[in-house]
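Let's take a walk through this fold, one piece at a time. Keep the viewer open and follow along.

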Amino acid sequence: MSVLLAVSMVAVSAPSAQGSPVQSRDLTVATFNIHHGAGPDDELDLPHIAEVIAGHGMDVVGLQEVDRHWGERSEFVDQARWLGAELDMHVAFGANLDEDPAEAGQPRRQYGTAILSRYPIEASRNVPLPRPEGGEQRGLLEAVVLVRGVPLHFYSTHLQHDSRVERLAQADAINAVLADVEGPTVLVGDLNAEPGTPEIERLATHLADTWPAAGQGQGLTYPAEAPRTRIDYVFADDSVSAVSPDAARVIDTTASDHRPVAVDVTVSGRPGLR
């Protein structure tokens, strides 16, 4: 299995695909706040997370609250690498918190977001997001995924939980990144905001929330045991020949304190890297 762990953009060159015909690919994308592998009872069970991802056919999934050698709560495991190896998936990891190890000579303690993909990850980068009120550092992790030859820009993020001021600034920063992206694009994450709030409306500038078009019901995701709010999202580029959502579902599981959201999509684009 090939695993790519990267937090900065990898330079990739490829021939132009402008003359290639548009091709379509069906796959399932998802978002999953894994709560460092613990359920609502705070008991660590990373294999349960892997079972949910495998059991629901997630082809590309954005993870939030991922530990990498972070501490005793996750047994100092590199969770992204472990999940990638267990599921035979490619991996990108973005460290938003990066601290010295507890003991000299040990790996650095990191915490952030990850992307797992059944398709090759050709490049990745992690973009720090603003925190004007001094909240926890957040990031926007991007992976360029080659879906049977068609490039997909896939993003995973986790916005500030206790400040709308920070979430709005983070949404603006995400939009600034998305404005320069060409080709099929998906943004997933725990956005810590309900539908109709200013930060969610702001993110809809470039992408569309897939749930109203492809889901049924309210799509509640948190807390996992008895969800009463929707704060986990899958956004997609709904322009012509981009990403079309076909069916969306919230997965009933208590592997984490959030329920994951999976969306079957059709990605349309020209083969080749962009």
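What follows goes through the sheets, the helices that pack on them, and then the largest pocket.

One thing to keep in mind from the start: this is a predicted model.

Let's begin with the sheet that holds β1. Its 6 strands come in the order β3-β4-β2-β1-β12-β11, the sheet is open, and the pairing is mixed. At the edges you'll find β3 (90-99) and β11 (243-250); each has a single partner strand, so one side of each is left without a neighbour in the sheet. Going from one strand to the next, the twist averages 20°.

Now zoom in on β1, residues 23-33, and look at both of its neighbours. With β2 (residues 60-68) the pairing is parallel, over 5 bridges. Two of the residue pairs are easy to pick out: Phe 32 has Leu 63 of β2 as its bridge partner, and Ala 30 has Val 61. Strand β12 (residues 261-269) pairs with β1 in the antiparallel sense, over 9 bridges. There, Asp 26 stands opposite Thr 266 of β12. As a quick reminder, strands of a sheet pair through backbone hydrogen bonds, either parallel or antiparallel. How many of the 11 residues of β1 are buried? The count is 8, which leaves the strand mostly covered.

Part of the packing here comes from helices. Helix α1 (residues 46-55) lies across β1, β2 and β4 (109-117), and runs at about 155° to β1. Helix α2 (residues 79-87) also packs on the sheet: it touches β2, β3 and β4, and its direction makes about 135° with that of β2.

Next up is another open sheet of 6 strands, again with mixed pairing, in the order β5-β6-β7-β8-β10-β9. Its edge strands are β5 and β9 (208-209), and each of them pairs on one side only.

Start at the β5 end. Strand β5 (residues 121-129) and β6 run antiparallel and are joined by 8 bridges, with Val 127 having Leu 140 of β6 as its bridge partner. On to the next pair: β6 and β7 (residues 150-158) are antiparallel too, over 8 bridges, and Ala 143 stands opposite Phe 154 in β7. These two strands, β6 and β7, form a hairpin with 2 residues between them. Have a look at Arg 148 in that turn, as its phi is positive, about 50°. Then the sense changes: β7 and β8 (residues 185-190) run parallel, joined by 6 bridges. In that pairing, the bridge partner of His 153 is Thr 185 of β8.

Why can β6 be called largely enclosed by the rest of the structure? Because 10 of the 10 residues of this strand (138-147) are buried, where buried means under 20% relative accessible area. Both faces take part in this. One side carries Arg 138, Leu 140, Glu 142, Val 144 and Leu 146, the other Gly 139, Leu 141, Ala 143, Val 145 and Val 147, and all are buried.

Helix α3 lies across β5, β6, β7 and β8, at about 145° to β5. It spans residues 164-178 and includes Arg 167. Is that arginine buried or exposed? Its relative accessibility is 9%, so Arg 167 counts as buried. Leaving aside residues up to four places away in sequence, Arg 167 touches Leu 159, Gln 160, His 161, Asp 162, Leu 191, Asn 192, Ala 193 and Glu 199.

For a contrasting case, turn to Glu 201 in helix α4 (residues 198-203). With 49% relative accessibility, Glu 201 counts as partly exposed. Its C-alpha atom is separated by 9.9 Å from that of Leu 168, although the two residues are 33 apart along the chain.

That brings us to the empty space. Rolling a probe the size of a water molecule over the atoms shows where empty space is left. The largest pocket has a volume of about 210 Å³. It is lined by 13 residues, and the closest to its centre are Glu 65, His 158, His 161, Asp 190 and Asn 192. By type, the lining divides into 3 nonpolar, 5 polar and 5 charged residues. His 161 and Asn 192 were already on the list of residues that Arg 167 touches, so go back to α3 and find them from the pocket side.

Key
Residues are numbered from 1 along each chain as its sequence is written. This is a predicted model: local features need pLDDT of at least 70, side-chain atom pairs count only at pLDDT 80 or more; totals for chains, interfaces and linings use all residues. Side-chain values use heavy atoms; hydrogens and water are left out. Two strands pair if DSSP finds at least two bridges between them. Helices (H or I, at least four residues) and strands (E, at least two) are DSSP runs, numbered from the N terminus. Axes are lines fitted to C-alpha atoms, for helices over the stretch in contact, and angles run from 0 to 180 degrees between N-to-C directions. Contact means heavy atoms within 4.5 Å. On a 1 Å grid over the protein atoms alone, a cavity is a set of points where a 1.4 Å probe fits but cannot get out, and a pocket is an open set with protein on both sides within 12 Å along at least five of seven lines; lining residues have an atom within 4 Å of a point. Grid points are joined across faces, edges and corners, and a volume is the space filled by probe spheres set on the points. Ala, Val, Leu, Ile, Met, Phe, Trp, Tyr, Cys and Pro count as nonpolar, Asp, Glu, Lys and Arg as charged, and the others, Gly among them, as polar. Buried means under 20% relative accessible area, exposed over 50%, partly exposed in between (1.4 Å probe, protein chains only).
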